[in-house]
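Okay, thanks for coming, everyone. I've got one structure to walk you through today, so let me put it on the screen.

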Amino acid sequence: MEKEFYTISVYIDKDENMIGIPCGESDEYGIADIDKVVLLKAPYSDKQIESFVEEVISYCYTKKHNDASPLSTIEKYTKINGFVNATKELTLISIVKTAQNYSIMATYNDYEKGPLVIDDDERILLNPYKKGELAEHIRDMIQVYVKFNMFYREEQELEEEKKKKNGTI
């Protein structure tokens, strides 16, 4: 049965490796990540990026979110407890697919809340998109948010505030 939307989380590490996690139904949250991880090691071609995204999307709703587990899928994968800690070295790109389009949104890491969506940098692609178009947007986000992090100064300021709160400065 076709769903109204499919959402995936694509975490990118500093080496540009991608960790894809699909969503599924959840009695507790409505929709949440399921215990399925797909990896794409760098370097990769545009075709590999787009195949990777479509593969992760294909796993959406194939099982339910594990509501009984206190750990998120990314915590289980990284073996780091706490969502904020598990994601602090990763950049998250959220991708939502509907019958009409794909929405691609990057995030920045808040040191207290974890990844927060950057609303003013949402990329919308028609579904179906042109070959190479999805990969182009993902590569651009990697350049901006992973390689040349425009929030570097803000991250440093947040880290200093956190240290002041904890009395380590």
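I'll start with the overall fold, then go through the core, one helix, one strand residue and finally the cysteines.

Before anything else, keep in mind that this is a predicted model. So, the overall picture. The chain comes to five helices and seven strands. If you walk along from the N terminus, the elements go β-β-β-β-α-α-α-β-β-β-α-α. The radius of gyration is 16 Å, and the globule rule gives 15 Å for 169 residues, so the chain is as compact as a globular protein of that length. If you'd rather think in boxes, the C-alpha atoms fill roughly 55 × 40 × 30 Å along the principal axes.

A few bulk numbers for those of you who like them. Of the 169 residues, 43% are buried. The accessible surface is about 9900 Å², and carbon and sulfur atoms account for 50% of that. And if you take the contacts with a separation of 6 or more, 58% of them join residues 24 or more positions apart.

Okay, on to the inside. Nonpolar side chains tend to be buried together in soluble globular proteins. Here, the largest nonpolar core has 31 residues, and the ones with the most contacts inside it are Ile8, Met18, Phe52, Val53, Ile95 and Ile138. Several elements give two or more residues to this core, including β1, β2, α1 and β5. Which element gives the largest share? That would be α4, with seven residues. Take Ile138 as an example: leaving out neighbours within four places in sequence, Ile138 is in contact with Met18, Ile49, Val53, Ile93 and Ile95. There's also another core, apart from that one, with seven residues, among them Ile19, Ile21, Ala86 and Leu90.

Let's stay on α4 for a moment. This helix covers residues 133–147. Its 15 residues should span 21 Å at 1.5 Å a residue, and the end C-alpha atoms are 20 Å apart, so the two agree. The buried residues of α4 are Leu134, Ala135, His137, Ile138, Met141, Ile142, Tyr145 and Val146. And what sits over them? The cover includes β1, β2, α1, β5, β6 and β7.

That brings me to a residue in β6, Ile104. Strand β6 runs over residues 101–110. Ile104 has 0% relative accessibility, so it counts as buried. Skipping anything up to four places away in sequence, Ile104 touches a whole list of residues, including Ile93, Ile95, Leu125, Leu134, His137 and Met141. If you want a distance to check on the screen, the C-alpha atoms of Ile104 and His137 are separated by 8.0 Å, with their positions 33 residues apart along the chain.

Last topic, the cysteines. How many disulfides does the structure hold? Zero. Cys23 is in no disulfide, and its nearest cysteine sulfur, the one in Cys60, is 3.9 Å away. The cut-off for a disulfide is a pair of sulfur atoms within 2.5 Å, so a pair at 3.9 Å doesn't count. Are these two buried or exposed? Cys23 has 1% relative accessibility, so Cys23 counts as buried. Cys60 is at 6%, so Cys60 counts as buried too.

And that's the tour. Happy to rotate the view and go back to any of it.

Methods:
Residues numbered from 1 in each chain as written. Predicted model: local features only at pLDDT ≥ 70, side-chain atom pairs only at ≥ 80, totals over all residues. Heavy atoms only, no water. Buried < 20%, exposed > 50% of the residue type's maximum accessible area, 1.4 Å probe, protein only. Helix = DSSP H or I, 4+ residues; strand = E, 2+ residues; numbered from the N terminus. Contact = heavy atoms within 4.5 Å. Core = buried A, V, L, I, M, F, W, Y, C linked by side-chain atoms within 4.5 Å. Rg over C-alpha atoms; globule rule 2.2 N^0.38 Å. Areas by Shrake-Rupley, 256 points an atom, 1.4 Å probe, with all protein chains shown as cover. Expected span 1.5 Å × (residues − 1).
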